[in-house]
Amino acid sequence: MLDKIKNELHLYEKKFLKELSEDINATPEEIAERQDMPLKAVTSAAGMLASKDIITVDKFSTENISLSEEGEEYLANGLPEHRILKALQDFSSEGKDVVSLDETIERAGVSKQQMNFSMGILMRNRWAKIDKGNLSISEDGKNVDLNELPQVKYLQFIKDNKQVPSDSIPEEYDEVKKEFTKRKDLFNITVTQDFKYKINELGQEIIDDGIEIQDEATQLTHEQLKTGSWKNLHYRGYDINASAPNYFPGKVHPLQQTIEEIRSIFIDLGFDEAKGNILESAFWNFDMLFQPQDHAAREMQDTFYVSNPPIADLPSQDLVEKTKAEHETGGNTGSKGWQYKWDVEVAKQMVLRTHTTGLSVRYLSEHEPPLKMFSVGRVFRRETLDYKHLPEFHQVEGIVAGDDMSFKNLLGILKEFYKKLGFKVRFRPAYFPYTYLSVESEIYVPEKKSWMELGGSGMFRPEVLEPLGIKTQVAAFGLGIERLAMMRCNVDDIRQLYQSDIGWLRQLPVTKNIKSF
């Protein structure tokens, strides 16, 4: 086992370990020089040996302090507060204990900004007082020996030592050092990394067994193969258990993966894809689906209405009149309609589509049965934002029209669709304004041991089809895609799908099917 470990060591690892066995306190720079290795190779070898538990690497950060150009200038000419005090001392020796600020600024050779900063220091140390724009030196100020001030001594200490480790500064300067923390422009602060190495038990076993330094073959040449000299070369063994860096390849977002998989399933089932605008008239979004104009879903709290453009262009007058008749009297369907006066101005209102079913009836108005169509698109509703609701989400919608189309055929299509997605499905009766019979699809979630509603479907009512001149049966279905993506990604909050959480996205597999049931 020990021979295997030694054989798998890189040449640089062997050199590093050999040097460390002779000088445990060697620095990376010393090891690089003695073993003729690049410094980067030394640190890399240390990391590889540490990962194999052969050595232990302790890292230490050292803060080093030196004077900046400004600090050098202040040491040579005096800190602003000291130059002001020196000026006041000079004025006092000339018999003037009270002088104006302007006089002091000129004599000290400081700026007004430096004067304002220095006044607080002069007051705190009781070196001077200010009264009505005039400065007066105190008795304490007169007796200050500027060369003996701790601030001056501290700056001189830093200059004399050129670059001082922060933890090596004598305790006598602790207060001054703390004072200068707000005057960082006086100093240059650099941080260096120091390393201390320790040979572990396994490393000592390797050293005791002996380390042989010899060149290793990394690439065979044509000449070596031709002459057979490759037989005498030394090859380093490969550690198949060695750690490798994590790579995060590009991948399709899980929501987009789900959309593309749904699209692929419908295309395989022979459906044509249709697309439409997100801005739609109330006529196509509501009225053509036999949804009364006083329906709660049309209220401002449920639907986004837009003011630009203010109204929509409606289709042919014939289709408008037929739709009006369906709402008011039921037309020629035998229905009584909704028994109210239909308003064309309400139908002209512009909305952000609340579903993609409006696209389905548009498609029916432009294509003759038999047909199979699906669409995938964004829809908008005035939902309260929470863990399972968004005001903007995706919906997949589909219709199948034909003479032999029946409710039983619809259930068969849905069952096959959910089967291809990997779900077990069941159906329960439901109500929708524009379909009859109507059902909701529920899929089984093993982790929760429960059924979850995923979409609605049904047969379009005669009131929807008659204005379009459709004589055949038309089955319609739709489901929200986000809820499906949530389950496949094991996400409990729908907002997770739209947050830029790079950590979560990196952990998701690249494969097409994130999760199947």
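Two residues are in contact when heavy atoms of theirs lie within 4.5 Å. With that in mind, let us walk through this predicted model, from the whole chain down to a few single residues.

## The whole protein

Among the contacts with a separation of 6 or more, 70% link residues that are 24 or more positions apart. The protein holds 22 helices and 15 strands. Its radius of gyration is 42 Å, whereas the globule rule gives 24 Å for 517 residues, so the protein is more spread out than a compact globule. Along the principal axes, the C-alpha atoms fill a box of roughly 115 × 95 × 45 Å.

How much of the protein counts as buried? The share is 42% of the 517 residues. The accessible surface comes to about 29,200 Å², and carbon and sulfur atoms make up 48% of that area. As for charge, the protein carries 65 positive and 83 negative charges, and the mean positions of the two sets are 5 Å apart.

## The seven-stranded sheet

A good place to look next is an open sheet of seven strands, with mixed pairing and the order 7-10-11-15-14-13-12. Strand 7 (272–273) and strand 12 stand at its edges; each has a single partner strand, so one side of each is left without a neighbour in the sheet. Strands of a sheet pair through backbone hydrogen bonds, in either a parallel or an antiparallel way.

Three of the pairings can be set side by side:

| Strands | Bridges | Direction |
|---|---|---|
| strand 10 (residues 371–380) and strand 11 (residues 392–402) | 10 bridges | antiparallel |
| strand 12 (residues 425–429) and strand 13 | five bridges | antiparallel |
| strand 13 and strand 14 (residues 450–460) | nine bridges | antiparallel |

Some residue pairs help to fix the register by eye. Gly377 stands opposite Gln395 in strand 11. Arg428 has Glu440 of strand 13 as its bridge partner, while Glu442 faces Glu453 in strand 14.

## Strand 13 and Ser441

Strand 13 takes part in two hairpins. One joins strand 12 to strand 13 through five residues. The other is formed by strand 13 and strand 14, with four residues between them, and Lys449 in that turn has a positive phi of about 50°.

Why is strand 13 described as largely enclosed by the rest of the structure? Eight of its 11 residues are buried, and therefore the description fits.

Ser441 sits in this strand, which spans residues 435–445. Is Ser441 buried or exposed? Its relative accessibility is 2%, and the cut-off for buried is under 20%, so Ser441 counts as buried. Setting aside residues up to four places away in sequence, Ser441 touches Leu414, Tyr418, Val425, Arg426, Phe427, Met452, Glu453, Leu454 and Gly455. Among these, Glu453 is also the residue of strand 14 that stands opposite Glu442.

## Val98, for contrast

Our last stop is Val98, found in strand 2 (residues 98–100). The relative accessible area of Val98 is 51%; exposed means over 50%, so Val98 is exposed. Apart from neighbours within four places in sequence, Val98 is in contact with Asn134, Leu135 and Ser136. Where does Leu149 lie with respect to Val98? The two are 51 residues apart in sequence, and their C-alpha atoms are 24 Å apart in space.

Definitions and conventions:
Residues are numbered from 1 along each chain as its sequence is written. This is a predicted model: local features need pLDDT of at least 70, side-chain atom pairs count only at pLDDT 80 or more; totals for chains, interfaces and linings use all residues. Side-chain values use heavy atoms; hydrogens and water are left out. The radius of gyration is taken over C-alpha atoms; the globule rule is 2.2 Å times the number of residues to the power 0.38. Buried means under 20% relative accessible area, exposed over 50%, partly exposed in between (1.4 Å probe, protein chains only). Accessible areas come from the Shrake-Rupley method with a 1.4 Å probe; for residues, only the protein chains shown count as cover. Lys and Arg count as positive and Asp and Glu as negative; His and the chain ends are not counted. The place of a charge is taken as NZ of Lys, CZ of Arg, CG of Asp or CD of Glu. Two strands pair if DSSP finds at least two bridges between them.
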